[in-house]
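The exercises below ask the reader to work from a model to statements about packing and contacts. Each task is followed by a solution that goes step by step.

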Amino acid sequence: MDAPAEPAPTAPAAPRALMAPATVLERCATGISGLDDILGGGIPRGNMVLVSGSVGTGKTTLCLEFLVRGAERGERSLLLSVTEASDKLIQNLSTFEFFRADLVSDGSLVFVDLPALYNKLGLEGEELSADEIDIVIRTIHDLVRTLGVKRLVLDSLTSVCYRIRRDESIRDFMLRLGQSLSDLGCTSLLVSEIGPTQGRYSMHGVEEAIVDGVILLWNTRRQGDILRVLQIVKMRGTAHSRAQYVIELTPIGLLMAPHLKGSQQEGV
Amino acid sequence: MAPADIGDRLRGLPGGSAVALKLDPREYADHYFAVLNATLRDIGGETDAHVIYITVTNPASFVWGLAQALDVPADRISFVDVISHIMMNYSNPLANATYIETPRALEEIMLRVDYLLRKFPHPRAIVVVDSLNALAIHNPRELLSEFFHIFLTNLKSRNVLTLILMTSDEEAGGLEQMLSLLVDETIDVGGGR
């Protein structure tokens, strides 16, 4: 009787992905150390994300690093600034090692002062009408499309909303802006200024419902000492960490460490 | 272990190891100097090494003075000084030191070490925590346990050799047991391992 044939060697089975999503969306890697890790690789491309926090929590710096890292990767990045003049922002950016002035000079990193744009468009009233809101959205859309912008920061949404005021108009503005940017494959961060103990993520409370994601920044006290903390509250299209992280704005960029929970803390 | 043998022992450790160095408080000065000699000159002096020294017990300026006596070059050592601010002794900061306002900001310690590891990438990075006892004065045990668990695990994953100085007094009693679960070994300086 012939000996039974040796079974053919088989390749070892690959480990099963236990929590893999059915579809993995393309990511816009922020390039910020640690942040991409807790976002599962980055922000889903085209998402509109609220970066919410009180003063001095690092919102603008996080957004500027997002733009610089994008420009470095060949993704044209645009800052629409309402609260600070571009010259001053570039001056502040130059204190960080990750900033490269050539990204500004070669047009990879574009700064636009929104008040100057308002003037150019003749939008001088205290409150924007429905038609004027439409003009603003179309102007931003055209800017992003013409320049081929892949990353946009609006600093701040709160300042823009001061001139929109009504909740329905804000909701409509954000829905249309978000759709417009998403259609162009542009990932956007909108800075939202909130009070230290506001208990919501935006000035009007409607913004967080519209956006795809919310990154919350706040200050917390430990026995009188203040720590800056970051948490991803919401991010459509990806699994993400919901833990809290202490952040530090270093010369090489934003760094993150797990927030230790061993003692009582309070928001400030 | 005899203080003179510590350097050889530490040299033989693979990257990613975490070791507690337990000093006898009765012979603290001699043993402390021997440990500094071993960490800063014997292994820190290797050509590709960079030591990140976290000072909680003494200001960085004090440890830097000892390091200079051992001929440790300034570009081989960086300090994370966690004590000078709280002592109001911050008027002459060292160029090779970064200062944290309080030993209670344990996350800041992790972040500064992370910063220095990224800023000065070296094939052989060594982190020294001086000391467990000093951190324990300012932090509750639960918080400190959480800190060391995360900190040591992170450094291990980055192949960093971590040395934690402690004295064998009563204050460190509970913490010594906690630390023994996290480190690869405890070396009893001047005594048995």
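**Exercise 1.** Determine which elements of chain A the buried residues of α3(A) pack against, and which face of the helix they occupy.

*Solution.* The packing partners of these buried residues are α2 (59-72), β4 (77-81) and β5 (109-113) of chain A, where contact means heavy atoms within 4.5 Å, and where helices (H or I, at least four residues) and strands (E, at least two) are DSSP runs numbered from the N terminus. The model is a predicted one, in which local features need pLDDT of at least 70 and side-chain atom pairs count only at pLDDT 80 or more, while totals for chains, interfaces and linings use all residues. Residues are numbered from 1 along each chain as its sequence is written, chains are lettered from A and ligands numbered from 1 in the order in which they are written, and side-chain values use heavy atoms, with hydrogens and water left out.

Next, identify the residues themselves: in helix α3 (residues 86-93) of chain A, the buried ones (under 20% relative accessible area, 1.4 Å probe, protein chains only) are A:S86, A:L89 and A:L93. Viewed down the axis of α3(A), they fall within an arc of 60° (taken from the directions from the helix axis to the C-beta atoms), so they line one face of the helix. On the other side of α3(A), A:D87 and A:Q91 are exposed, that is, over 50% on that scale.

**Exercise 2.** Describe the contact between chain B and chain A by its residues and its buried area.

*Solution.* Begin with the residues: chain B contributes 19 and chain A contributes 21. The buried area, which is the accessible area (1.4 Å probe) that two parts lose on being put together, summed over both, is about 1,800 Å², with 60% of it given by carbon and sulfur atoms. B:E107, B:L111 and B:Y115 supply 34% of the area that chain B buries against chain A, more than any other three residues.

**Exercise 3.** How many salt bridges are there between chain B and chain A, and which elements of chain B give two or more residues to its side of the contact?

*Solution.* With a salt bridge taken as a side-chain nitrogen of Lys or Arg within 4 Å of a carboxyl oxygen of Asp or Glu, the count is 4. One of the salt bridges joins B:K119 to A:E97, whose closest N and O atoms are 2.4 Å apart. On the side of chain B that touches chain A, the elements giving two or more residues are α4 (106-119) and α6 (141-157) of chain B, and α4(B) gives the most, with 10 residues.
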